[in-house]
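This report walks through selected parts of a multi-chain model, beginning with an annotated site and then turning to a chain and to a contact between chains.

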Amino acid sequence: MSELTLERGLAAFRAEVDGPVAAFFSSCVHCGICAQACPFYLETGDAKYTPILKLEPLRRVWENDFTLWGKIKGMIGLQQKVTDAMLAEWEELLYDSCSMCGRCSMVCPVGNDLALMIRKSREGMVQAGHAPEGLIAASVRAIQTGSPMGLQWKTLAVQIQHVETSSGLKVPVDQPGADYLVLLSSMEIINFPEYLEAITKIFDHAGVTWTLSTECFEATNAGIQIGNKDIAAQLVERVVAAAEALKVPKVISPECGHAFTAIRWEGPNLIGRPYPFKVFHIIEVLDELRASGRIKTEGMETDRLSMHDPCNLARKSGVIQQQRNLMNLVAENFVELKEHGKFQWCCGAGGGVSSNERAEPLKMAAFKRKKAQIEEVNPERMVTMCATCRTQLEEGLEEFNMEIPVVGLTEMIAEHLVEKN
Amino acid sequence: MSLLDQIPVVVETGSAVPEGDPQSHGNADPVLHEVRHALSRLIATGETTKIDLKAMPFGPGDLERLLSVLGTGEVQASIDALGPTRVQETAIPGVWLVDYLNSEANRLALHLEIATVPEILCPQPQDLDDAIAALDARLNPGRSDPPLAS
Amino acid sequence: MAARNPTDKTLGESLRERGVSRRGFLKFCAATASMMALPPSMAPAIAAALEKAKRPSVIWLSFQECTGCTESLTRSHAPTLEDLILDVISLDYHHTLQAAAGDAAEHAREQAMAANPGEYLVIVDGSIPGPDSNPGYSTVAGHSNYAMLMETVENAAAVIAVGTCATFGGLPGANPNPTGAMSVMDLVKDKPVINVSGCPPIPMVITGVIAHYLTFGRLPELDAYNRPMAFFGQSIHDRCYRRPFYDKGLFAKTFDDEGARLGWCLYELGCKGPTTYNACATMRWNDGTSWPVEAGHPCLGCSEPRFWDAGGFYNTVSVPTSASGVDVLAAGAAGAVVGGAVAALAKKQTKTAVAHRQPVTVEELEAKL
Amino acid sequence: MSGSMEFLLWTKGPMFNIAIAIFAIGLLVRIAEIFVLGRKKNFAEARAGEWGPGFRTMLTRTVADPGTFQRAPFNVVVGWVWHIGFLIALLLFLPHIALIESLTGLSWPALPNPVISLVTSVTLVALIATLVHRMTHPVKKRISTVEDYVVWAVVFAVVLTGWLAYYRLVNPYPLVLGMHILSAEIMLILLPFTKLTHIFTTFIARWYNGAAFGRKGVQS
């Protein structure tokens, strides 16, 4: 059987070099501003977590193989080679200490999209056999069982039953021709089953036709997190097959950040063709229903609420105003974190960090940035719309003994629906 | 030839020479300040100063401005040695203009001298040494050996 | 110009003999100080030194030159200070000025050399075809310039190179230098060489250098090009009366615009004053009447090496001497060609890279667990 | 015979031609390398166009976002000061404009020389500050390479010699002017092969960044 080697890794790095990568590396002046945008550097103070430094393997491949100067350097023996040992050292930098939150991409003075290059670098790392064990395991489970957590339909079926019992509503499954195919994430199914009940209620309230698919219920994409387009493409194909089988025009990605960017932005490119359907995040759908007057709410939350924008949703997908519209619908004492929207700070758990057990200490260190932000406005509860962020906020706040509950925005909307007569 | 074309020449027709307010280039003022310092040294210690106006980077109008500021005083003197030398007191006591000319009235040097009396007006020490002898020679044109100067 | 014994009398004596009084001598010294760019307070010291100075013998050699330097020296109105100085030196041989011709003239030169070994001054104007050039380019009395120079300087006290041809090669040495012209200091290595550059040099500077030699009996302080610091120590720009306009950013753009009429700085018209070291700005020309910048023309930089090859006279100092927009375009075109070739190679590499990329299978991943 | 004037003429003549040729060829190679690599077709449905946001980011990245400014004020301000100072001295000093005009035929009004000299002095101080920062700040120290220090030295040499030449602090003047021109030529030669390329490629990089975020509906 073939195996993952340095040569395959270098080939994968090479395959990732394109115009933007060349422009970015040509432009870097080593100003170090990207470090000021990275929670992993800021909260550890360790300069090795400077974002541009994490990209050194990709930079070397670019310089050595794609520039005239690099070739001249090669002739006089000045090339800096990428070695297996180097990649082993960089594994921590490219996985454990980066949530691909993209904040560095927003502040780089010369305009380098560093997060994009981290994503590209991971392609090489996987092929060279230098991906973290936790992410490899999740990827294998996702391919083999359909869920990165090894969750199966029968578990979901139990949850569906619970939801139907408690809400008295039917959860539609495999309904061809529905408006929306709803995807879920394993984490929601296990940790936040209230999400399924909430959308069941809201869609019933708004008169939206929707369905789950027994073929594919999982929205998350371990291939994106580990950084391998072969695995990622297989997972996307499952969603596309399910949506095409049920002939739905729209697919809803759940309260999960990376699942949305995976299916919304990377998916079509992974499979090499446009979708025959449109993809939305649940928050986009809810705001559209609100705007068209199909969601009627009553009562307001009166306690002081603040909100965490998931990186993948806000900065990396442009969903920023929608969640604010929804907050204003049901909360009268909503206070923004100081830096929010496209300049929000990552919770520290994204980009596969939360699936990478050994990164736990770094994950908690990075959270301190969020914690400081929360302390600044001192809310009574936090609202968010990503299961990974929510878990991280809950664990983090508990770790620092802060009594601030975290709620999902969708559930909060569901709680304020006007009761049907 | 193409380089010649690059020489910027603009032919104007019928334009008058601009109003000729003679320009001063501001180079007189530093010299006037130097004169002021020299005057205070003269008053305090008796030290005299000579300023070589020919060595100054004067533009058109600068010398005129300098001289008009200094003005014309009461004393004028002329020395006839190796062509004329004209000494003119300025309106500032102690500041003299000494103009060294050759026999064809071309200027050899032009000095401002800050002194009670310009050096060139004073008899030269060696000439003073010979003065009595010279006078005696005129008193006794017949005598060949000069008397002792006692 | 018959050979006298030049070392008999001191300068003071010979001036006194000509009826110059002590007051007149003081005046002479004041003017000499001014000429030597020394402060007026130096006049008494100059007087004391000149009293005792001996009249030196001078041999003036003219090689590949235009006689402009000699013209410069002799076109001053008589009797000037320069004349006085020249009269008190013993100019024993001058190609252009001497009345003698042929063997008699050459004899005068040889006699002066024999009478004052190690003491006579040699003044040279004009450049010299080098030892490797065809000697026929310039000869005097059948001697090549090179041979005559080397023979004459052999027992000289010092050599004064007058004019840019003698100091730096000048016009004969300009590209492509057909005669292989060289300067005096290129050829004379074992004698002191004083360079009085300029095309032509300011006459007072020529005599000033001689006066300095007479006054102090030694060579003046020289700059890196062996030019007397007293006259070449400051640039035209530093002593220019138009300098305030440079500092204020007021420039004439053409020869007859408002700025030109108002006497603004000529930098943009190609003035080489910033890179040129000479005394024009203070000593001026034509008995102190004016000088090029005052007349409204930029300095050509004639007292600097290779000034003929330093780009156009009307090009700003900062402009390169040869490159033009066409050259940049040519380089750009070459860049586009090379760039295209490199790019094509890169494109091929990318395709190869993508082709070489091997898909990852779940089995491969599992093997890592 | 080789003195300061010969040196100056060498920098203004043959060396200038060599420098400008290497610069032009090297830079075009660099830019061709970027554009030929290009981007793959993007199949994901865009929220907005790429051109508008791309061009906007090309400009807006010049100014740091408020948060970054608060966290790294020294880095941002000093970087700004010396970049602007360098550009003013480069583009608005009369001798430089004359040079550009001789090469391109384009010219514009210059700033008065005392303004340029003041700006240059400030630039020098700011450049020294960037060096101290690079050698002391843990991040900058960690990510700095030999190239960073070489490029700093060259840029500093260009500004310093220009400043020395303006004040005519080195004698003879042709020597310091020649050193200024030579250091500028070294900078031109190094430009396509070092991070100095960012002078040109940063606008390409910013456009790619703005376009990538812009099509997802975020003005980066």
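In this predicted model, C:H237 has its place in helix α12 of chain C, which covers residues 236-239. C:H237 is one of the positions at which UniProt, in an unreviewed entry, places the feature "binding site", and the record lists it together with C:C240, C:C265 and C:C271. These positions are spread over 35 residues of sequence, yet they cluster in space, with a largest C-alpha distance of 11.3 Å.

**Two positions of the annotated site**

C:C265, which belongs to the same UniProt feature, is found in a loop of chain C, namely the one between α14 (258-261) and α15 (280-283). Is C:H237 buried or exposed? C:H237 is buried, because 24 other C-beta atoms lie within 10 Å, and the threshold for that class is 20 or more. The reasoning for C:C265 runs along similar lines: C:C265 counts as buried because it has 26 C-beta neighbours inside 10 Å.

The table sets out the contacts of these two residues, leaving aside in each case the neighbours within four places in sequence.

| Residue | C-beta neighbours and radius | Contacts |
|---|---|---|
| C:H237 | 24 within 10 Å | C:R243, C:G273 and C:P274 |
| C:C265 | 26 inside 10 Å | C:R242, C:F245, C:Y246, C:L250, C:F251 and C:A252 |

**Chain B**

The secondary structure of chain B consists of five helices and five strands, and when the chain is read along its sequence these elements follow the pattern α-α-β-α-β-β-β-β-α-α. Chain B has 150 residues, of which 24% count as buried. Among the contacts in chain B with a separation of 6 or more, 46% are accounted for by residues that are 24 or more positions apart.

**The contact between chains A and D**

How many residues does the contact take from chain A and from chain D? Chain A contributes 51 residues and chain D contributes 48 residues. On the side of chain A that touches chain D, the elements giving two or more residues are α2 (19-27), α4 (51-54), α6 (68-75), α8 (103-107) and α16 (257-271) of chain A. The largest share of that side, seven residues, is supplied by α2(A). In terms of residue character, the side of chain A that touches chain D divides into 26 nonpolar, 15 polar and 10 charged residues.

Technical notes
Residues numbered from 1 in each chain as written. Chains lettered and ligands numbered in written order. Predicted model: local features only at pLDDT ≥ 70, side-chain atom pairs only at ≥ 80, totals over all residues. UniProt positions renumbered as here; feature names shortened; annotations may be inferred. Helix = DSSP H or I, 4+ residues; strand = E, 2+ residues; numbered from the N terminus. Buried ≥ 20, exposed ≤ 12 C-beta atoms within 10 Å, placed from the backbone. Contact = placed C-beta atoms within 7 Å. Nonpolar A, V, L, I, M, F, W, Y, C, P; charged D, E, K, R; others polar.
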